[in-house]
Amino acid sequence: MIEFKDVTKEYAQDIKALDHLNLNISDGEFVFVVGPSGSGKSTFLKLLTKEEEPTSGEILINDVSLGKMKKRKIPYLRRTMGIVFQDFRVIEKMTVFENVAFAMHVIGARARDIRKRVPYVLNLVGLSGKARRKVSELSGGEKQRVGLARALVNNPSMIIADEPTGNIDPSLSYELVDLLSQINKCGTTIIMVTHDISIVKKFSGFRIVEISNGKLTKDSELSGEKQ
Amino acid sequence: MSMNSLNYFIKEGFKNIWVNRIMSAASMLVMICCMILTGGAVLFSYNVNHALKSIENRNSITVFLYKEVTPSQAMNVGKKIENVDNVIGCEYYSSGQAAEKYKDVLGSLYDAVCEEDNPFPESFHVTMKDLSLYESTVNKIKSIPEVDSVGDRSETAQKLSNLSKTIARGGIGVVCSLGLVSLFIISNTIRISMHSRRFEISIMKSVGATNGFIRAPFLIEGIIIGLVAAIVSTFVLGSVYNVLWEVIEGIVPFVGVSFKNIFWRVMGGFVATGMFFGVIGSSISIRRYLSKEGGDVVAW
């Protein structure tokens with residue numbers, strides 16, 4: 001359960017990225033966070049991953065206040081999340097396998113577990129045949145799948161996708177969101193930030209939260225409206 | 001920390017060095033210069049102290065009589081010396097014996113110098129019982145009218161001590177400057193390493209790597225630089241030292257300390273210093289960098 005309680009984030013005086021935002025996201029939900037550029041969507045994610053601190057208000061994840069969380073505990077918070085970036089953030093010189101295994105290495109996983117888990121996740125995202133390929137040889141859509149596999153490999157309880165379709169073709173975008181929706185069916189919470197309305201319209205039935213000028217301007221759950 | 005993580009850190013540490021090999025080599029070179037100069041100064045002081053101690057520990061002195069004193073008069077002087085408190089031995093050394101001793105050194109000059117007029121005076125090798133009474137014993141011997149001079153250790157000791165102090169003072173300045181340069185270069189090498197891997201670091205942070213995990217390969221990189229510099233420095237310093245030692249040993253036997261006897265101490269000192277500098281140099285860069293988050297890491 002994610003709770004934003006009256007959260008405000010100011011970067012400079014009178015420049016509010018988020019303005020008294022109140023939002024609850026339950027476990028297992030799939031939420032599209034939409035809004036124009038500069039509306040505060042990215043700040044919303046940064047607050048969630050504790051890259052930024054709110055100026056006021058409180059953020060709770062599973063009843064744990066992020067404001068009271070010690071700095072050394074932040075990595076453990078992030079291990080409960082899988083993050084997918086717009087620019088993929090894959091390491092080009094590594095193979096597909098190594099990119100995904102990298103995420104397990106950094107949390108101290110055993111080599112035996114890595115050898116077992118990585119092929120399984122690559123199979124989930126449809127890259128099982130490309131494990132040994134260098135990432136630099138892949139298409140944009142495939143690179144994003146590598147990014148998704150990396151986000152999934154540590155078995156997070158939520159996936160945070162920051163404009164994951166921003167750099168890939170529309171058809172591949174649909175495939176990717178379809179993949180996310182399948183992951184969501186297994187119980188993983190998905191928070192996907194996008195400004196691509198066509199995707200939101202294509203995947204009806206999911207919750208849509210709209211942020212504009214730092215304020216929550218629309219929440220399909222509250223209005224009873226689902227796309 | 002698991003063995004997997006340790007292997008990973010060491011592998012990544014070596015990888016960082018290879019990727020930034022020019023900067024790594026520059027860091028090592030500066031550290032090697034610093035350590036050789038430091039080690040050289042320390043070894044010099046160590047040798048001087050060793051020489052001072054060996055001089056101090058010699059409980060025998062040579063007493064030279066005036067040239068005019070005949071061998072029979074010298075016998076009487078010997079009895080006077082034997083009667084001085086703290087003297088436990090007094091061995092007569094005739095002018096002829098002294099000349100004979102230098103026969104090999106003087107070679108053909110010996111005949112010219114010693115045949116007609118032997119320049120060496122009558123002398124005694126005097127052994128003392130208690131070295132703490134050195135000064136008073138020497139003064140008592142000097143007060144015997146036939147005694148011209150006493151082979152005194154204090155002047156040599158003073159000269160050596162002054163030389164040691166001068167080297168130490170000059171050395172501290174050089175070592176401090178080079179130490180700072182080493183730290184600067186190492187911290188910059190690690191900074192470049194971190195910069196080249198900023199992308200990976202941002203990913204590491206996003207998947208929940210602890211700061212310790214991110215820091216470890218860079219610390220290991222610093223340690224490896226320090227370690228390699230320490231090993232190279234030991235062997236370079238050892239080679240130079242051995243050459244000098246052989247030369248000095250040929251002139252003044254048993255004064256210096258053989259490098260073989262101090263090899264492990266030098267190596268240990270260098271390794272500890274190298275690792276210390278490596279860790280401090282790395283930490284300076286890492287600390288600044290780890291405070292960055294997410295996009296700031298990539299944008300750095």
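How far apart should the ends of helix α10 of chain B be, at 1.5 Å a residue? In this predicted model, α10(B) covers residues 211-251, and its 41 residues should span 60 Å. The end C-alpha atoms lie 58 Å apart, which agrees with that expectation. Along the way, α10(B) carries a kink of about 25°, with Pro217(B) at its centre.

Chain A offers a view of helix packing, with helix α5 (residues 140-152) as a good place to start. One partner is helix α6 (residues 170-185) of chain A, whose axis comes within 10 Å of that of α5(A) and crosses it at roughly 15°. Because angles under 35 degrees count as roughly parallel, α5(A) is roughly parallel to α6(A). The crossing of these two helices is right-handed. On the α5(A) side, the meeting residues are Gly141(A), Gln144(A), Leu148(A) and Leu152(A), while α6(A) brings Leu172(A), Glu175(A), Leu176(A), Leu179(A) and Ile183(A). By class, this contact has 6 nonpolar, 2 polar and 1 charged residues.

Helix α3 (residues 96-105) of chain A is another partner of α5(A): their axes come within 8 Å and cross at roughly 30°. That angle makes α3(A) roughly parallel to α5(A), and the crossing is right-handed. Here Val96(A), Asn99(A), Val100(A) and Ala103(A) of α3(A) meet Val146(A), Ala149(A) and Arg150(A) of α5(A). Sorted by class, the residues of this contact are 5 nonpolar, 1 polar and 1 charged.

Key: Residues are numbered from 1 along each chain as its sequence is written. Chains are lettered from A and ligands numbered from 1 in the order in which they are written. This is a predicted model: local features need pLDDT of at least 70, side-chain atom pairs count only at pLDDT 80 or more; totals for chains, interfaces and linings use all residues. Axes are lines fitted to C-alpha atoms, for helices over the stretch in contact, and angles run from 0 to 180 degrees between N-to-C directions. Helices (H or I, at least four residues) and strands (E, at least two) are DSSP runs, numbered from the N terminus. Angles under 35 degrees count as roughly parallel, over 145 as roughly antiparallel, 65 to 115 as roughly perpendicular and the rest as oblique. A crossing is left-handed if the near helix is turned anticlockwise from the far one by less than a right angle, and right-handed if clockwise. Two residues are in contact if their C-beta atoms, placed from the backbone, lie within 7 Å. Ala, Val, Leu, Ile, Met, Phe, Trp, Tyr, Cys and Pro count as nonpolar, Asp, Glu, Lys and Arg as charged, and the others, Gly among them, as polar. The expected span of a helix is 1.5 Å times one less than its number of residues. The bend at a residue is the angle between axes fitted to the seven residues ending there and the seven starting there.
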